[in-house]
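Open your viewer and keep the selection box handy. We will go from stop to stop, and at each one you will hear what to select and what is there.

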Amino acid sequence: MAASSQQSSHHHLLLLVVLLLSCLAGAAAAGSTMQCHDEDQAALLAINSALGSPYHFASWTPDTFCCDWYDVDCDNATGRVVGLSVFGDGNVTAAIPDAIANLTGLRTLVLRHLPGLTGAIPDTLAQLSGLSQLTISYTGVSGPVPASLSQLTELALLDLSFNSLTGAIPASLADLPALASIDLSRNRLEGPVPALLLSRCPGQAELRLSHNNFSGAIPAGFAAVNFTHLDLSRNSLTGDASAVLGRGKPLQHLDLSRNDLRFSLTGAELPEQLSYLDLSHNAIRGRVPAQVADLAGLQLFNVSYNKLCGVLPTGGVMERFDAYSYQHNKCLCGSPLPACHRYML
């Protein structure tokens, strides 16, 4: 019995040792993920220096691991820097540092609300082959949208809104196979909208191009894109926009206001999930489709300042919209506008 008891004690002791070693190994592995890769740490310190070492980066010191630094995200398994998000610092006065390109594992780059960030978007960003989100927004950045961004084959979201960018949208952006969301609104961009933009989007898409000076027609290829949000407002677009309409589409937000679009709304079929539809300040003719009354989720509807005519639909959601939605048209009539006369019908 004594021998058996001794063997049992040895067995339990061995199990405890194994468990202890396992815990120590796990702790060491967990600790190692917090250590910063030397190349990433050097790149971040170079970025800090290029931006003038602002107080925003006070935690960025060489004696600490960069995975613990403010605005930095690391991969838990590899310890590589995968995210850099810098926003809301008015003291940053510099160009976008080329050293960002040395963060070779970067997946997300956000530079937002940095009014002192100036200069062009550097072509070196195209070296970030794993980048899936690029946001440079509310900055003083100027120059063109670089065609080199079309090398970012993993890019799913591109937000360059509220800057001072000029020139045309590079047609090569249409080649990006994962790109699903583009926001270039509030810039000084011009020229046509590329014919195949977002045509390779694997699922639902969002496109925001408002407050620029784009011209020409809305691409016919947009008819095949599954937009949920499409804002082309405040440009100089012309022609027919009916390609983006149609039953069965997932479109929820459509703003084509303040362009020079000319087509008939009579007989147009509208996406059933629309919650926002603004077609105001164009030269659209025809009648307001009766189907509008059946769009249960519609919260904003504006067709003012066009050339529409005829009696307005009634029932359904129509009571949500007042005369403001219809003002300054050719001869619209019926509630909430004045009653129709015979010549209007």
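Before the first selection, a word on vocabulary: strands here are DSSP runs of E with at least two residues, helices are runs of H or I with at least four residues, and both are numbered from the N terminus. The model you are looking at is predicted.

**The whole chain**

Start with a cartoon view of everything. The protein has 20 strands and 2 helices. Now colour by accessibility: of the 345 residues, 48% are buried. If you like contact maps, look at the pairs with a separation of 6 or more; residues 24 or more positions apart account for 45% of those contacts.

**Stop 1: Asp159 and Arg112**

Side chains of opposite charge can pair when their charged atoms come close. How many salt bridges does the structure hold? The count is 6, and we will visit some of them.

Select Asp159 and Arg112, which form a salt bridge with the closest N and O atoms 3.8 Å apart. Asp159 sits in strand S6 (residues 157-159) and Arg112 in strand S4 (residues 108-119), so this pair ties together parts that are 47 residues apart in sequence. Is Asp159 buried or exposed? With a relative accessible area of 12%, Asp159 is buried, while Arg112 is partly exposed at 29%.

**Stop 2: two more salt bridges**

Next, select Arg208 and Glu206. Their closest N and O atoms are 2.9 Å apart in a salt bridge. Arg208 is partly exposed at 23% relative accessibility, and Glu206 is partly exposed at 27%.

Then move on to Arg262 and Asp260, whose side chains meet in a salt bridge with an N to O distance of 3.2 Å. Both ends can be checked in turn: Arg262 counts as partly exposed at 46% relative accessibility, and Asp260 counts as partly exposed at 31%.

**Stop 3: Asp255, without a salt bridge**

Select Asp255, in strand S14 (residues 253-255). Which side chain of opposite charge is nearest to Asp255? That is Arg234, 7.1 Å away. A salt bridge needs the nitrogen of Lys or Arg within 4 Å of the carboxyl oxygen, so the distance to Arg234 does not qualify. Asp255 is buried yet has no salt bridge.

What Asp255 does have is a polar contact of 2.7 Å between its side chain and that of Ser257. Expand the selection to see what else is there: leaving out residues up to four places away in sequence, Asp255 touches Leu230, Asp231, Leu232, Ser233, Tyr276 and Asp278.

**Stop 4: the cavity**

Rolling a probe the size of a water molecule over the atoms shows where empty space is left. Here the count is 1 cavity of 30 Å³ or more, and the largest cavity has a volume of about 30 Å³. To find the place, select the lining residues: Leu173, Ala174, Leu176, Leu179, Leu198, Ser199, Arg200 and Cys201.

**Stop 5: Ser148 in its loop**

Go to Ser148, in the loop between strand S5 (133-143) and S6. Ser148 counts as buried, at 11% relative accessibility. Which residues is Ser148 in contact with, leaving aside neighbours within four places in sequence? They are Asp123 and Ala126. For a distance check, draw a line from Ser148 to Pro170: the C-alpha atoms are 9.0 Å apart, and the two residues are 22 apart in sequence.

**Stop 6: backbone angles**

Most residues other than glycine have a negative phi, and most peptide bonds are trans. The last selections depart from that pattern.

- Select Tyr138, in strand S5. Phi of Tyr138 is positive, near 55°, and Tyr138 is partly exposed with a relative accessible area of 29%.
- Select His328, in the loop between strand S19 (307-311) and S20. His328 is not a glycine, yet has a positive phi of about 60°.
- Select Ser335 and Pro336. The peptide bond from Ser335 to Pro336 is cis, with omega near 10°, and Pro336 is placed in the segment after strand S20 (331-333).

Key: Residues are numbered from 1 along each chain as its sequence is written. This is a predicted model: local features need pLDDT of at least 70, side-chain atom pairs count only at pLDDT 80 or more; totals for chains, interfaces and linings use all residues. Side-chain values use heavy atoms; hydrogens and water are left out. Buried means under 20% relative accessible area, exposed over 50%, partly exposed in between (1.4 Å probe, protein chains only). Lys and Arg count as positive and Asp and Glu as negative; His and the chain ends are not counted. A polar contact is a pair of N or O atoms within 3.5 Å; within protein, one must be able to donate a hydrogen and the other to accept it, and residues adjacent in sequence count only if both atoms are side-chain atoms. Contact means heavy atoms within 4.5 Å. On a 1 Å grid over the protein atoms alone, a cavity is a set of points where a 1.4 Å probe fits but cannot get out, and a pocket is an open set with protein on both sides within 12 Å along at least five of seven lines; lining residues have an atom within 4 Å of a point. Grid points are joined across faces, edges and corners, and a volume is the space filled by probe spheres set on the points.
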